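Work through the exercises below with the coordinates open. Each task is followed by a solution in steps.

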Amino acid sequence: MTRECAVLLPRVCAALADPRQPGLDDTCLEKLLDWFRSLTWFDPTVELVQENPCLTELITSVLALPDPSPSILSFTLQLAGILASSESRFQHLQQEKLLERLFGREGPRGGAAWEDASVRSAWLKGVHSMLHHLPALHCLCSTGGMDVIFTLQGDPSLFVASAASQLLVHMLTFSLESETSKALSTKDCDWPACAQMIVKHIKESLQSSSASHIEQSLKLLSSLFGSCFGSCYAAWTEVLWLDIAKQIESFLLEETVQAQPVLANLLLNVARSPAFCGTEGSFWALVTSALEHLTPVQAGPLAVGLLKLCKCPQDVRIQALTVLLQPMDCILRAASQPLECAGLLDESVSDPVTVESLLSSKTSCAGLLCQTLTHLEKLLSLKHLRVDLPCVSLLHSLMTILQFCNGFLSPSSPLGNTISRNLVNCFRVQKSALDVLAAFSEKKDCDTLIGSLFDVLLAYLQSPNTSPTVLKKTFQATSKWLMRLQELSSSNSQRQQTEKILEDVFVVLQKRLCSPCWEVRDSSLEFLTSMVKCLRDQKEFRQCLLSSEVLRLTENLLEDPESYVRASAVTAVGHLALITCFAPESPVIGNQYNKESIVGKLQEILSTDSEGFPRRAVISIFTKWLREGCTGQLEDTEQFVSRVIQTVERDLDWEVRLGGLELVEAFCSQTICQLSQCPYAPVSSAVTSSTPQKELLQAFCRAKLFGFLFGSLCDCDKPVGQRACDVLVGLRGHFYPMSTLENPQEIEDSPAGRGIAWLQRTLRQGSLAQNFPTDGGVGVDFQDPESMMLALGAIDLLELHDELNKSSDHVEESPQSLLQDILATVGTIEDNEVDCY
């Protein structure tokens, strides 16, 4: 603790204990606790409380108050716990009998303040902070604290109940870690005293007639097995499991117990424990039983969790997959003719009638399918899935669900008719099914269904009943499958199929680009951009694009009334230009699509559009063009960059200015590559004065980069200044590779040197100097190569870099500042002592 803080702390403690003072903001109190946590973390000695008696005086004063405010009492409980986290400070506070009065039977838990959930929560947090040594653990167990924690497990406040459960997990783990002295044998083991109390409580709760007590203990067990206890104490995990396994099994078989969702989570956490690595034993039999007896909704999360485990026995893994696939199997069977019964599965884990009844119910059908589809998407994202998915049948089932949802399939079976009615226009299921459909594009064994699959996708793209959000998902899935289609287009028949599908897609796209709904126009443009990114080198795609009206319609949307659409149109036009304007063999498709016209329109948007989104999109596209070498010869590029940054530096949107710096960075990299002899090798000191270096500086000065970069260092938005500094540091590293920097003292006597000295002083003012001139009016010629070479060598850019990367609150959030603010809030400090921020 600094001397300044030690001087302020007694006044702060006195103010906190004074009931006449106005209540402090909880944020200030939390920051104060954070400060004490950091102090005690680095120094476990007793000196902190001995040298600052005001801390114990604060606790004593609050305890003496007849009716302390909940916020101050909560603060005091947490502060005492933090101070007692080391054994020496704990003993000191024990001698003062403070801890017993806070956390023992005499404490606040018998008073009116205990009714406030924040006080109960603070009591638990204080105990949790204190429990880092055995004396604290023994003290808590001997003063009835364990019963309080057990009671708070069922607290009406979820935050309090959760904190109580977390505390019990910590106590059991800490007890085993600190009190176990002999090797453990699963046949002959003695739990340490504290752990024994917790385990006894768990067993008694599981055997009680109270459903809430059972659920609390199951949640506690689930947290235990899911924490480091389950992974670090494998032998104890096994002992605990053997004690409760029979009871858990009985819960699975009793229909009256309402804790099945918690049971599924508990079994999954136990399965993750190293104690059950073997494939033998009763545990996996219990997991199998759970998969059979839990409802499909309850068993789903357990099944998908088991499939992610590498150590799960293969027969259990297959059973888990079967549970997940049952709803998809039911969909296929319901859609088939009664005699065909073409399903996914040969046999079911649980009664198929259960799944059928859930899918037949309007209230449960969508929920079950959305859960199943979410689980399938997770499985498809796994790199190594240790079971084979029946991809073709699953894809059939997915397409069937989508056809049910848009009403394009009329099944003949009664079950199919019921499910179809439940799913018509169900957006939730449509979106989930389309996500899974997109994920299936990565699977190689689904290619035989591509024709049918695109029929379903096109039906959604064409239907006026498709909602904008579902249409967006359809576009995303279509884009993924078009990429897959491109990979397959080798034979003539496949190329014809590809061409036909692309023609149909472009017909729909033309219609959607003219939609009255801006969300549809926006997602259509995003889809077009996605297609151009993936398919621009494909001949069939280019032909379909150039023979459609899409180019004209997209360019028209640059003037759309909705700014999001204008931004998406800018991005789409920018990517289309890579085909129509900048490709080596660009087709001649009319004067309106030439490079100058497109560049001019985008520059106009950059300089005149009233919204930030389109302007950001323009600068992003310009940067992309530059990186892909689309802006012509070096002289043309210099003029292009110069025009853009002169527009950007006046922009009020900091993200546009930041985009301008990214453009400058791309230009610098490209120019260095073009003019340097070996762009990837470091430049030796022997060539720093060579012709390429002079040409580089001249090119950068002609493009007016340096005025923009040095001006951006003083930008009022920190990310802009940071990026500008990064670019300048990179340039200095190129021009001064061996740290042969200029000496500012030696150059200050020259006219250029005096200007650079002014620049150095100005930059140190940071954003206060954001309006400094860049036209040379202060003796700095930002377009003079020699001056800029001197500036790069003389200005301490690394110091600026460190300053810009400091957190903006590095002063305001110092402990001293915090203490001053607290005193200012309670009115016991002079005005000139307060931080003004």
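## Exercise 1: A320 and its surroundings

A320 is buried, with a relative accessible area of 0%. The model is a predicted one.

Task: locate A320 in the secondary structure and list its contacts beyond four places in sequence.

Solution.
- Step 1. Find the element. A320 sits in helix 19, residues 314-335.
- Step 2. Drop the neighbours within four places in sequence. A320 then contacts L291, A303, L306 and L307.
- Step 3. Take one partner, L307. The two residues are 13 apart in sequence, and their C-alpha atoms are 6.8 Å apart.

## Exercise 2: The nonpolar core

Task: state how many residues the largest nonpolar core has, then follow one of its most connected members.

Solution.
- Step 1. Count the core. The largest one has 281 residues.
- Step 2. Pick out the residues with the most contacts inside the core. They are W123, M171, W241, L306, W625, F706 and F710. L306 is also among the contacts of A320.
- Step 3. Follow F706. Neighbours within four places in sequence are set aside, and its contacts are L697, F700, C701, G711, L728, L731, F782, M788 and L792.

## Exercise 3: D715 in a loop

Task: decide whether D715 is buried or exposed, and find a polar partner for its side chain.

Solution.
- Step 1. Place the residue. D715 is in the loop that joins helix 37 (705-712) to helix 38 (718-735).
- Step 2. Apply the cut-off. Buried means under 20% relative accessible area. D715 has 14%, so D715 counts as buried.
- Step 3. Look for the partner. The D715 side chain makes a polar contact with the side chain of R657, at 2.7 Å.

## Exercise 4: One side of helix 6, and what follows

Task: which residues of helix 6 are buried, and what phi does the residue after the helix have?

Solution.
- Step 1. List the buried residues. In helix 6 (residues 87-95) they include R89, F90, H92 and L93.
- Step 2. Check the arc. These residues cover only 160 degrees around the axis, which puts them on the same side of helix 6.
- Step 3. Recall the helix geometry. An α-helix has 3.6 residues a turn, so residues three or four places apart point the same way.
- Step 4. Move past the helix. K97 follows helix 6, with a positive phi near 60 degrees. K97 is in the loop between helix 6 and helix 7 (98-103). Its relative accessibility is 54%, so K97 counts as exposed.
- Step 5. Set the phi in context. Most residues other than glycine have a negative phi. K97 is not a glycine, yet its phi is positive.
- Step 6. Repeat for N425. N425 is not a glycine either, and its phi is positive, about 60 degrees. N425 is in the loop between helix 23 (414-423) and helix 24 (427-439). With a relative accessible area of 43%, N425 is partly exposed.

## Exercise 5: Salt bridges

Task: state how many salt bridges the whole structure has, then describe the pairs of E4, E487 and R521.

Solution.
- Step 1. Count. The search of the whole structure gives 25 salt bridges.
- Step 2. Recall the principle. Side chains of opposite charge can pair when their charged atoms come close.
- Step 3. Take E4. Its partner is R3, at 3.8 Å from N to O. E4 is partly exposed at 34%, and R3 is exposed at 62%.
- Step 4. Take E487. It pairs with R484, the closest N and O atoms being 2.6 Å apart. Both lie in helix 26 (residues 468-488), three residues apart, about one turn of the helix. E487 is exposed at 53%, whereas R484 is buried at 6%.
- Step 5. Take R521. It pairs with D560, the closest N and O atoms being 2.8 Å apart. R521 is in helix 28 (residues 518-535) and D560 in the loop between helix 30 (550-556) and helix 31 (563-580), so the pair ties together parts 39 residues apart in sequence. Both residues are buried.
- Step 6. Look for a network. Salt bridges link R536, K624 and E628.

## Exercise 6: Cysteines

Task: state how many disulfides the structure holds, and check C330.

Solution.
- Step 1. Count. There are zero disulfides.
- Step 2. Check C330. The nearest cysteine sulfur belongs to C365 and is 9.0 Å away. A disulfide needs sulfur atoms within 2.5 Å.
- Step 3. Add burial. C330 is buried at 5%, and C28 is buried at 17%.

Definitions and conventions: Residues are numbered from 1 along each chain as its sequence is written. This is a predicted model: local features need pLDDT of at least 70, side-chain atom pairs count only at pLDDT 80 or more; totals for chains, interfaces and linings use all residues. Side-chain values use heavy atoms; hydrogens and water are left out. A nonpolar core is a set of buried Ala, Val, Leu, Ile, Met, Phe, Trp, Tyr and Cys residues joined through side-chain atoms within 4.5 Å. Buried means under 20% relative accessible area, exposed over 50%, partly exposed in between (1.4 Å probe, protein chains only). Contact means heavy atoms within 4.5 Å. Helices (H or I, at least four residues) and strands (E, at least two) are DSSP runs, numbered from the N terminus. A polar contact is a pair of N or O atoms within 3.5 Å; within protein, one must be able to donate a hydrogen and the other to accept it, and residues adjacent in sequence count only if both atoms are side-chain atoms. The arc is that of the directions from the helix axis to the C-beta atoms. A salt bridge is a side-chain nitrogen of Lys or Arg within 4 Å of a carboxyl oxygen of Asp or Glu.
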